[in-house]
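Please open the model in your viewer and display it as a cartoon, with side chains available on request. The tour proceeds by selections, each followed by a short account of what is to be found there.

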Amino acid sequence: HSGLRGKALELEQLDVPTKAQVRAVVPAHCYKRNTLRSLSHVAQSGWLTGGCMALGSWLIPMRLVALPLWIIYAVVTGTVAMGLWVLAHECGHGAFSDCRWLQDSV
């Protein structure tokens with residue numbers, strides 16, 4: 001028994017930190033936008049996603065026997081491509097760059 005007497009999932013207001021409390025413990029440099037670094041993440045994510053796609057199309061035959069490989073390929077490539085989605089998501093929040101048109105372009 002956990003000793004929580006059925007209250008493990010009860011949530012009270014004091015259990016959730018305020019926005020100010022969270023901001024107080026996150027280092028200030030985490031809130032500064034760095035366009036060059038952001039663009040390097042786009043390049044890295046693009047290259048990795050493209051590389052996965054190229055390797056899959058060149059190395060895995062289009063045969064039923066290769067289905068397990070295609071499933072693994074889909075999981076790996078989808079996970080890698082998620083990086084591009086995360087970067088686009090950050091653009092939507094205005095966290096990618098101070099340059100608005102660049103964020104809108106990405």
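The stops below concern helices and individual residues of this predicted model.

**Helix 2.** Select residues 35-59, which form helix 2. Its 25 residues, at 1.5 Å a residue, should span 36 Å, and the C-alpha atoms at its ends are 36 Å apart, so the expected and modelled spans agree.

**The start of helix 2.** Next, show Asn34 and Leu36. Here a side-chain oxygen of Asn34 comes within 3.3 Å of the backbone nitrogen of Leu36.

**The buried residues of helix 2.** Which residues of helix 2 are buried? They are Ser38, Ser45, Thr49, Cys52 and Gly56. Add helix 3 to the view, since it is included in what covers these buried residues.

**Helix 3 and Gly83.** Helix 3 comprises residues 67-93, and Gly83 is located within it. Is Gly83 buried or partly exposed? Its relative accessible area is 22%, and because buried means under 20%, Gly83 counts as partly exposed. For a sense of distance, select Gly6 together with Gly83: the two are 77 residues apart in sequence, and their C-alpha atoms are 39 Å apart in space.

**Helix 4 and Gln103.** Finally, select residues 100-105, which make up helix 4, and pick out Gln103 within it. With a relative accessibility of 6%, Gln103 is buried. What does Gln103 contact, apart from its neighbours within four places in sequence? The residues to display around Gln103 are Glu90, Cys91, Gly94, Ala95, Phe96 and Ser97.

Definitions and conventions
Residues are numbered from 1 along each chain as its sequence is written. This is a predicted model: local features need pLDDT of at least 70, side-chain atom pairs count only at pLDDT 80 or more; totals for chains, interfaces and linings use all residues. Side-chain values use heavy atoms; hydrogens and water are left out. Helices (H or I, at least four residues) and strands (E, at least two) are DSSP runs, numbered from the N terminus. Buried means under 20% relative accessible area, exposed over 50%, partly exposed in between (1.4 Å probe, protein chains only). Contact means heavy atoms within 4.5 Å. The expected span of a helix is 1.5 Å times one less than its number of residues. A polar contact is a pair of N or O atoms within 3.5 Å; within protein, one must be able to donate a hydrogen and the other to accept it, and residues adjacent in sequence count only if both atoms are side-chain atoms.
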